[in-house]
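Student: Could we go through this structure together, starting with its interior?
Tutor: Certainly; here it is.

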Amino acid sequence: MNKYDDYEQWNEPSTQNTTNNTDQNFVIQDSTSETIGQDKEAAGFNTAPATPYPVMSAPSRGTKSQKSFSAGLIVALCVCCVFSLLLGTVGGALISTGYMRRLEKEQGAALEEIRAEQQSVLESIAAETEKHANSTQNNTGTVTPLPSTGTQLSVKDVAARVQDSVVAINVSVTQSVTGFGQTEEYTSISSGSGVIISSDGYVVTNNHVIEGGETATVILRDGTEYTADLVGTDDVFDIAVLKIEATGLTAATFGSSDSVEIGETSIVIGNPLGEFGNSVTSGVISGLDREITVDDETMILIQTDAAVNPGNSGGGMFNAQGELIGVIVAKSTGNDVEGLGFAIPIDDVSKVVSDLIEYGYVTGRPKLGIEIVEINNAMTAMRYGVNRLGVYVTNVENDSTAYEAGLRIGDCLISIDDEEFTTYLTMKQLLTRYNVGDVLTVVVQRYGENGTETLQVPLIEQVPETFQSSAAA
């Protein structure tokens, strides 16, 4: 077909009917042909076809060029669109690739920076530990807490850092058994835990772990065993200090129990059941200032839901910075009890330990200089022959300030400085507010009398009998 084929086709007679030709004419008619038809009709000419074969005007060459131009333009536009899409896709891919490479480069740099910071923190921890390894005991024997780094660590990192500072303790106890007229003695081993608090061998544990024992063996994490000497004990806080002949040990870093908050991470490390040394359990701080009675002594303790079992006593409770914040002392037991473990706050432990190392006992602890009994039920009151419940004096130390102030056996203590009490625990808590040398106003009711007397009683220092004998000698 040449460029005039369309023109020849327009002049060939059509075999279609008239109606179809009319429709075809309407469709293909351009604007110029439509205007001419309208002019003829307006002049009175009949515009209907005169023959069965409509005479159809062939489009001018100009019209043909316009159509060809339009088709070419469309094709060109399509080509341009396709080219633009291809160019945009390729360009976008190149840009995206470049952006991703730059992003990866920036992320890599950020990761390197984080790794460098973590390495710096670990090196700082190691440097501080090494720096203070030989400084945990000053010239007077007082234990000095290591500084805190304040860095939050995972349980895994804390365990790796502090496990070497936790030890197992085995105590041999000789017991006698009488039966069938014979007495036999046998030695049993009780186990507990302890925490190294100085690089030269001071170890803190619970008093009840070593109480009644003859010898104590401290076992390090690597299995090395040492026979320990007893430095001192305190039954009020249930604390004991042992000493082994070793140097270069890993000492625990003391934290601050005053800054502990409920919900913080707590990590317990010890020797549960006496068989699983350096076991690690974790949980959270469940409660603070819990008033718990252990071996007839009421203590203010930290509560945790980390697993605590027999043998954990004397072990360490650590925070997420790897700092020692408490010494495990008890677990609440029972068929339906789980997740109740308790620790002595490290702020209390610190003073007790320092005094035991330096003096052998806890200094500055005030007392009235009397022995007492708590009568808290009618049966006990009848046995003692008294008519009221309360705290009664059973002994007064000879030549003590209490005796000089007028306290006597059989007196019922009613109040101290206008604060009344009827239990030993309440009286004990009242005394903790005072210092040695303070003078208390004590109201008492004499045995067999109905009236009361008011006495001025100075507080004296509580010194164990063994040290009183040494001082007298």
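**Cores and pocket**

Tutor: The largest nonpolar core has 31 residues, and Val-204, Ile-239, Phe-318, Val-349 and Val-353 have the most contacts inside it. Such a core is a set of buried Ala, Val, Leu, Ile, Met, Phe, Trp, Tyr and Cys residues joined through side-chain atoms within 4.5 Å. Buried means under 20% relative accessible area and exposed over 50%, with a 1.4 Å probe and protein chains only. This is a predicted model: local features need pLDDT of at least 70, side-chain atom pairs count only at pLDDT 80 or more, and totals for chains, interfaces and linings use all residues. Residues are numbered from 1 along each chain as its sequence is written, and side-chain values use heavy atoms, without hydrogens and water.

Student: Which element gives the largest share of this core?
Tutor: That is α7, with six residues; helices here are DSSP runs (H or I, at least four residues), as are strands (E, at least two), numbered from the N terminus.

Student: What does Val-349 touch?
Tutor: Leaving aside residues up to four places away in sequence, Val-349 touches Val-204, Ile-239, Val-327 and Ile-344, where contact means heavy atoms within 4.5 Å.

Student: Now α5: which of its residues are buried?
Tutor: Val-158, Ala-159 and Val-162 are buried. They line one face of the helix, because they fall within an arc of 100 degrees seen down its axis, taken from the directions from the axis to the C-beta atoms. On the other side of α5, Lys-156 and Ala-160 are exposed.

Student: What do the buried residues of α5 pack against?
Tutor: They pack against β1 (166-179), β8, β9 (279-294) and β11 (316-318).
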